[in-house]
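Trainee: Could you take me through one part of this model at close range? I would like to look at the sheet and what surrounds it.

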Amino acid sequence: RRRYLSKRSCMKVARDPYLSWFVDTHIRLQWSPERMSGYLRLCEYQVSTKAIYHFVYRRSLEHYLIYHKRRRKQRRYRAQWLDGRRYIDKRPQTTVSGHFEADFVVSSHNHVSLLVVVDKHTRYTKIERIPNRKHASVTRAFQRMFRDTNVKTLTLDNDISFSHWRELEKILDTSIYFTRPYASWEKGLVENTNRWIRLFVPKQSDIALATHADLQAALAYLNEIPRQCLNYRTALEVYTQCPS
């Protein structure tokens, strides 16, 4: 009887037309089984992650699942920068909104890039396309993205495009922190966000040819679907509810 009930539980999605439709639709939108299970729980549907995985594999939908199997290369740190920059170990606790991480999504076709910033507390993401990574272009992009935003801290890597960080601090009225050399994984939130953006702007594609709709779709995916780390609320909901 226990074996029968176990199998019946795993078939819960397939036996319910609404759940079958929901899982089939949202797995194609790159929702993870954990995210679907949590969201359905908020809608008073008790469906385990295991049952969703079972349905996905039985319907041959596993190619919509996203896996990250890359190994991180270990590098020795070279000489530290000597321009007085503050490193990430000195950054204060980021338990409220206003602490951002930033990075680029670059193209091999030309100098057009995407500047991506993510709020560490709410996971709210902003994307700005820039023609190049010169200091003037980067500065103007930050000013547009942080208009009417109280930026408490900004975390960057040691890209040469951020070498004018002292000027940025004055313009944005904030404190800038850096990852250690060759350790950009220390700002893992924005690095992981860039991987999700690549679903809409794939590698080897020309960022200059990415449409406005592509970028808006990426923002909608990042900001308007429920996240497990936010108790299955959306980043937009949490960000708009936080005091500025």
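**A close look at the sheet**

Mentor: Happy to, and let's start with one pair of strands: β2, residues 99–105, and β3, residues 113–119, run antiparallel to each other and are joined over six bridges. Keep in mind that this is a predicted model. To find your place within the pair, look for D103, whose bridge partner in β3 is V116.

Now step back to the whole sheet. It is open and built from six strands, in the order β1-β6-β5-β2-β3-β4, with mixed pairing. At its edges are β1 (86–87) and β4 (125–130), each of which pairs on one side only. In that order, β2 sits between β5 and β3.

Next, add a helix to the picture. Helix α6, residues 135–145, lies across β2, β3, β4 and β5 (153–156). Relative to β4, helix α6 runs at about 145 degrees. The antiparallel pair we began with, β2 and β3, is therefore among the strands that α6 lies across.

Finally, turn to the second largest pocket, which holds about 460 Å³ of space. Its lining counts 22 residues, and S32, R35, N192, W196 and Q228 are the closest to its centre. Helices α4 (33–42), α8 (188–197) and α9 (212–223) each supply at least two lining residues. Among the contributors, α8 gives the most, with four residues. By character, the lining of this pocket divides into 13 nonpolar, five polar and four charged residues.

How values were computed: Residues numbered from 1 in each chain as written. Predicted model: local features only at pLDDT ≥ 70, side-chain atom pairs only at ≥ 80, totals over all residues. Heavy atoms only, no water. 1 Å grid on protein atoms, 1.4 Å probe; cavity = no way out; pocket = protein on both sides within 12 Å on 5 of 7 lines; lining within 4 Å. Points joined across faces, edges and corners; volume = space filled by probe spheres on them. Nonpolar A, V, L, I, M, F, W, Y, C, P; charged D, E, K, R; others polar. Pairing = 2+ DSSP bridges. Contact = heavy atoms within 4.5 Å. Axes fitted to C-alpha atoms, helices over the stretch in contact; angles between N-to-C directions.
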